[in-house]
Amino acid sequence: MAELVYPPVIGAVRTLFKAADLRIDVQGAEHVPPRGGAVLVSNHIGYLDFLFCGLAARPSKRLVRFMAKESVFRHKVSGPLMRAMKHIPVDRSAGTGAYNHALNALRSGEIIGVFPEATISPSFTLKTFKSGAARLAQEAGVPLLPMALWGTQRLWTKGRKRDLGRNHIPVAVRVGAPVPAGPEESPEKITERLRTRVQELLESAQRTYPMRPKGPDDTWWIPAHLGGTAPTPEELVTRA
């Protein structure tokens, strides 16, 4: 069936990014398979993360179907778009339907995008990964594609206003080699290996990120362990 909505949306997103003069650096896109199913797994630091994950699949001419919370599909604007692009709604109180939907899509050769932390990490460090991505990959017999994003939190993240002005913000996208999800390993072990790989990609992106804080008031987007003022994971637990 022809994709009537997804390609125009990608075009609109690219125009938006160009207008904002984003400096997008994608490395490792060659790891995205040109055909066949895969589970793309990324860290989650901003509301626009799925757009940048999708950009990494463009060189392989692939479209990523993301698993997203069901409330997004109820919105009068985003809902029709999400459904037309064949993304997958996730009702966290009854996730079996979304899991089966994603499994069938993987078996039919689709790439499914998953954020295994489930929610945005306000500390901009990796939270615990849920094992659903590994279980999907195992059951469908497809690889896991680790990915890390850095800089997207500066555009729009939890507790901050959107910043899509022409501020030349760099965004780093790193894709790693596929992580196998063989039947001989437990989903928990696979998830542990996957999280380690995403952490390595994230650290690589942070080391080469070209922009530094503009002053003492511009350190909110940097994790505390790197000298920034983002809350630590421990502080977030205390607040909760």
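**Helix contacts, sheet order and salt bridges in a predicted model**

The axes of helix α1 and helix α2 (residues 49–56) approach to within 11 Å and cross at roughly 110°. The two helices, α1 and α2, are therefore roughly perpendicular to each other, since angles of 65 to 115 degrees fall in that class. The contact brings Val 13, Arg 14 and Phe 17 of α1 against Leu 51, Phe 52 and Leu 55 of α2. Of the residues in this contact of α1 with α2, five are nonpolar, none is polar and one is charged. The model described here is a predicted one.

The strands of the model were examined next. Seven strands form an open sheet of mixed pairing, in the order β1-β7-β6-β2-β5-β3-β4. Strands β1 and β4 (88–90) are the edge strands, each pairing on one side only. From one strand to the next, the twist averages 20°. At the β4 edge, strand β3 (residues 64–69) and β4 run parallel and are joined by three bridges. Within this pairing, Met 67 has Ile 88 of β4 as its bridge partner.

At the other edge, β1 and β7 run parallel and are joined by five bridges. Here Asp 25 stands opposite Ala 172 in β7. Strand β7 also pairs with β6, in the antiparallel sense and over four bridges. In that pairing, the bridge partner of Leu 149 is Val 173 of β7. Helix α7 (residues 187–208) lies across β2 (38–42), β6 (144–150) and β7 (170–175), and runs at about 35° to β6.

Strand β7 is mostly covered, with six of its six residues buried. In a regular strand, side chains alternate between the two faces of the sheet. From β7, Pro 170, Ala 172 and Arg 174 point one way, whereas Val 171, Val 173 and Val 175 point the other way, and all are buried. Arg 174 has a relative accessible area of 5% and is therefore buried, the limit for this class being under 20%.

Side chains of opposite charge can pair when their charged atoms come close. In the model, the count comes to 10 salt bridges. One of the pairs involves Arg 174, whose side chain meets that of Asp 25 in a salt bridge (2.9 Å, N to O). Asp 25 lies in strand β1 and Arg 174 in strand β7, so this pair ties together parts that are 149 residues apart in sequence. Asp 25 counts as partly exposed, at 32% relative accessibility, whereas Arg 174 is buried.

A salt bridge also joins the side chains of Asp 21 and Arg 166 (4.0 Å, N to O). Because Asp 21 lies in the loop between α1 and β1 and Arg 166 in the loop between β6 and β7, the pair ties together parts that are 145 residues apart in sequence. Asp 21 is buried, with a relative accessible area of 17%, but Arg 166 counts as exposed at 52% relative accessibility.

A further salt bridge connects Glu 70 with Arg 74, the closest N and O atoms being 2.1 Å apart. Glu 70 and Arg 74 are four residues apart in helix α3 (residues 70–74), so about one helical turn separates them. Glu 70 counts as partly exposed, at 29% relative accessibility, and Arg 74 counts as exposed, at 58%. In addition, Glu 3, Arg 65, Lys 86 and Glu 110 are linked in a network of salt bridges.

Backbone angles single out two loop residues. Asp 21, already described in its salt bridge with Arg 166, has a positive phi of about 55° although it is not a glycine. The loop that holds Asp 21 runs between α1 (6–19) and β1 (23–27). Phe 124 likewise has a positive phi, near 60°, and is a residue other than glycine. Phe 124 is placed in the loop between β5 (111–114) and α6 (132–140). At 4% relative accessibility, Phe 124 counts as buried.

Definitions and conventions: Residues numbered from 1 in each chain as written. Predicted model: local features only at pLDDT ≥ 70, side-chain atom pairs only at ≥ 80, totals over all residues. Heavy atoms only, no water. Buried < 20%, exposed > 50% of the residue type's maximum accessible area, 1.4 Å probe, protein only. Axes fitted to C-alpha atoms, helices over the stretch in contact; angles between N-to-C directions. Parallel < 35°, antiparallel > 145°, perpendicular 65-115°, else oblique. Contact = heavy atoms within 4.5 Å. Nonpolar A, V, L, I, M, F, W, Y, C, P; charged D, E, K, R; others polar. Pairing = 2+ DSSP bridges.
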